[in-house]
Amino acid sequence: MSMPKKAPEISTEEGALEALRPQRFEDYIGQTKIKTNLQLIIDAAKGRGEACDHLLFYGQAGLGKTTLAYIIGREMNVNVRSTSGPAIEKAGDMAALLSNLEANEVLFIDEIHRLNKLAEEILYPALESRKLHLIVGKGPSARTFTLDLPPITVIGATTKVNMLSAPLRSRFGATFRLEYYQHEDIERIIARSAKILGVAITPEAARALARASRFTPRIANRLLKRARDYAQVYKKRSIDDEVVKATLDMLEIDDLGLDETDRELLRIIVSKFNGGPVGLKTLAAALNEDMETIEEVYEPFLMKLGLLNRTSLGRMATPLAYEHLGLQRDKKLI
């Protein structure tokens, strides 16, 4: 009789995140159209014996852009070197990164919209013609050198594709937008992660966690780990509805995935501005929050749920927002 397979030992939060990250396309749940297109690009490149084309991923944080970059490296059987836009401060930093890449290797640049402009200009010829143009010296004695680069793949990831310059965007061979996940896919991700973490979870509990995960795998895995912690501390044999409810209550997350700031944002629109419209600057001041954070973190999810409308006159709470918060139009909280 064979012994059951022991769950991998995970000693740190960072190690847990890495263990939950899919390693191949068959393990990656969701984003089916993107996976199909990427598999085609990869198979074609491998068939020709070439490097994969340059790729750009964009979408909300936590949807799997970094994971896809590493999967592409594994599918191509090449090394992936990772950096981020803010880490490349000078043109020389970009030149050093590019010149140290081996043939067919992948350079993954996260938050690529935050690249220094001089570093970005070094990247243009590298993407287009595999050339590296360097200027040595200053003034009249300055000289230009051109180095040939091996065939490489540059993968960029960003949450703000509109902040990428047109010349940079146009040099990627394919651009993919990662969408929010379906509830069914999030449930499957939670079930897979629970198995990797070595914890039992009921289908009802997985469904409840999926509803509160904001359609995002990263958040789903984070909530699962907190539920695992609760079950461990309170000696529960598995993660069930009761454990999930207690965990979400402690985190002040409701069954739709709204946290206290989400709810406060909606309450302010309703109670202080009669449901809107209210301008973003005014809303940020009333909430004591940064305008950019409201636009990038809170609004996309609230709009996805149909709780908030963004109009030319300002933000407006929808009837669903009143219903969810227990509010009535023209009245305060009941």
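Charge makes a convenient way into this structure, which is a predicted model. The chain carries 47 positive and 45 negative side chains, and the centres of these two sets lie 1 Å apart.

The overall architecture can be set out next. Secondary structure in the chain amounts to 14 helices and 9 strands. The C-alpha trace extends over about 75 × 70 × 30 Å along its principal axes. Of the 334 residues in the chain, 44% are buried. The surface that the chain exposes comes to about 17900 Å², with carbon and sulfur atoms supplying 50% of that area. Contacts were also examined by their separation in sequence: taking those between residues at least 6 apart, 68% join residues at least 24 apart.

Strand β3 offers a good place to look at the pairing of strands. This strand covers residues 106-110 and is mostly covered, 4 of its 5 residues being buried. One of its partners is strand β2, formed by residues 80-84; β2 and β3 run parallel and are joined by 5 bridges. Within this pairing, Ser84 has Asp110 of β3 as its bridge partner. The two strands also belong to a β-α-β unit, in which helix α4 (residues 91-99) takes part together with β2 and β3. The handedness of this unit is right-handed.

Strand β6, made up of residues 153-158, is likewise paired with β3. Here too the sense is parallel, and the pairing runs over 5 bridges. Asp110 appears again in this context, since its bridge partner in β6 is Ala157. Asp110 is thus a bridge partner of Ser84 and also of Ala157, which places this residue of β3 in a bridge with β2 and in another with β6.

A single residue of another strand, Ala174, rounds off the picture. Ala174 is found in strand β7, which comprises residues 174-177. Is this residue buried or exposed? Ala174 counts as buried because its relative accessibility is 14%, and the cut-off for burial is under 20%. Leaving aside residues up to four places away in sequence, Ala174 touches Ile41, His54, Leu55 and Leu56. A further view of its position comes from Leu147, which is 27 residues apart from Ala174 along the chain; the C-alpha atoms of these two residues are separated by 25 Å.

Definitions and conventions:
Residues are numbered from 1 along each chain as its sequence is written. This is a predicted model: local features need pLDDT of at least 70, side-chain atom pairs count only at pLDDT 80 or more; totals for chains, interfaces and linings use all residues. Side-chain values use heavy atoms; hydrogens and water are left out. Buried means under 20% relative accessible area, exposed over 50%, partly exposed in between (1.4 Å probe, protein chains only). Contact means heavy atoms within 4.5 Å. Accessible areas come from the Shrake-Rupley method with a 1.4 Å probe; for residues, only the protein chains shown count as cover. Lys and Arg count as positive and Asp and Glu as negative; His and the chain ends are not counted. The place of a charge is taken as NZ of Lys, CZ of Arg, CG of Asp or CD of Glu. Two strands pair if DSSP finds at least two bridges between them. A crossover is right-handed if, with the strands pointing away from the viewer, the path from the first strand over the helix to the second runs clockwise.
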